[in-house]
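Biologist: I should like to learn how such a model is read, one feature at a time. Where should one begin?

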Amino acid sequence: MKTKSIVLSLALVTIAFVSVNAQGFQLGIKGGANIYQVDGRSFNEEFKYGYSLGGFAEINFSKHFGIQPELLWNEYQTRTTDQFYQVYSNLSSNTDITLNYLSIPVLLAFRPSKLFTIHVGPQFGILINQSQSLINTSGDAFKKGDLSMLAGAQLNLAWFKLGARYAIGLNNIDGLGNQDKWTSKGFQIYVGVRII
């Protein structure tokens with residue numbers, strides 16, 4: 001937990017320092033859909049829908065480069081398979097699971113034009129809660145942290161933003177042991193509004 005606090009503190013200090021020295025600074029709100037799946041033999045290989053809500057900042061170093069830190073509430077949906085019981089004998093199969101994360105993406109932004117932005121960078125997710133059906137039988141089935149890499153594009157239409165991203169999980173989020181490896185992947189589609 002100390003490592004997470006140190007990393008988060010360094011990220012916030014860096015963002016504050018950069019925003020003071022940046023050539024442009026904007027704030028906004030955004031929301032959209034998460035189309036995700038959890039990979040692993042315990043889960044259905046299908047994408048399920050969730051939602052995303054939060055805020056973003058645009059900190060521009062120059063005409064073409066900047067960073068876009070965000071703070072998001074992300075909901076992901078998945079479902080266990082018949083094989084879940086074979087891997088973890090004390091848990092039920094064919095169960096719908098909801099995961100809610102507080103996500104902090106810090107994205108490098110490249111703007112070849114005012115209309116178009118390309119984003120790439122890491123996203124750290126802190127698991128806030130998971131489905132009660134798994135908690136009742138297993139405690140914390142998922143690890144508390146999920147590190148992902150994001151890449152996507154955004155259209156900038158005056159103060160409106162319209163974008164899509166692909167996200168791939170980099171760490172094993174299975175909190176039950178080493179019998180299976182669980183990773184997340186999926187798409188985010190969103191609409192944003194610049195308010196400052």
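Modeller: With solvent exposure: Asn-34 counts as buried because its relative accessibility is 0%, buried being under 20% relative accessible area, exposed over 50% and partly exposed in between (1.4 Å probe, protein chains only). The model is predicted, with local features requiring pLDDT of at least 70 and side-chain atom pairs pLDDT 80 or more, while totals for chains, interfaces and linings use all residues. Residues are numbered from 1 along each chain as its sequence is written, and side-chain values use heavy atoms, without hydrogens and water.

Biologist: In which strand is Asn-34 found, and with which side chain does its own side chain make a polar contact?

Modeller: Asn-34 belongs to strand β1; strands (E, at least two residues) and helices (H or I, at least four) are DSSP runs numbered from the N terminus. Its side chain makes a polar contact with that of Asn-74, at 3.1 Å. Such a contact is a pair of N or O atoms within 3.5 Å; within protein, one must be able to donate a hydrogen and the other to accept it, and residues adjacent in sequence count only if both atoms are side-chain atoms. In addition, a polar atom of the Asn-34 side chain lies 3.3 Å from the backbone oxygen of Glu-75. Leaving aside residues up to four places away in sequence, Asn-34 touches, among others, Tyr-49, Tyr-51, Tyr-76 and Phe-187, where contact means heavy atoms within 4.5 Å.

Biologist: How many cavities of 30 Å³ or more does the structure hold, and which residues line the largest cavity?

Modeller: Rolling a probe the size of a water molecule over the atoms reveals where empty space remains. A cavity is a set of points, on a 1 Å grid over the protein atoms alone, where a 1.4 Å probe fits but cannot get out; lining residues have an atom within 4 Å of a point. The structure holds one cavity of 30 Å³ or more, and the largest has a volume of about 40 Å³, that is, the space filled by probe spheres set on points joined across faces, edges and corners. Its lining consists of Lys-30, Ala-33, Asn-34, Ser-52, Leu-72, Gln-188, Ile-189 and Tyr-190. Strands β1 and β8 (183–194) each supply at least two residues of this lining.

Biologist: How do the lining residues divide into nonpolar, polar and charged?

Modeller: Four are nonpolar, three polar and one charged, given that Ala, Val, Leu, Ile, Met, Phe, Trp, Tyr, Cys and Pro count as nonpolar, Asp, Glu, Lys and Arg as charged, and the others, Gly among them, as polar.

Biologist: Is Lys-30, from that lining, buried or exposed?

Modeller: Lys-30 counts as buried, because its relative accessibility is 9%. Lys-30 lies in strand β1, and its side chain makes a polar contact with the side chain of Glu-70 (3.2 Å). Beyond four places in sequence, Lys-30 touches residues including Leu-72, Arg-165 and Tyr-190.

Biologist: Which residue has a positive phi although it is not a glycine?

Modeller: Ala-158, with a phi of about 55°. Ala-158 sits in the loop between β6 (145–157) and β7 (160–169) and counts as exposed because its relative accessibility is 60%.

Biologist: How many helices and strands does the chain contain?

Modeller: The protein chain has three helices and eight strands, in the order α-β-β-β-α-β-β-α-β-β-β from the N terminus. Of its 196 residues, 42% count as buried. Among contacts between residues at least 6 apart in sequence, 65% join residues at least 24 apart.

Methods
On a 1 Å grid over the protein atoms alone, a cavity is a set of points where a 1.4 Å probe fits but cannot get out, and a pocket is an open set with protein on both sides within 12 Å along at least five of seven lines; lining residues have an atom within 4 Å of a point.
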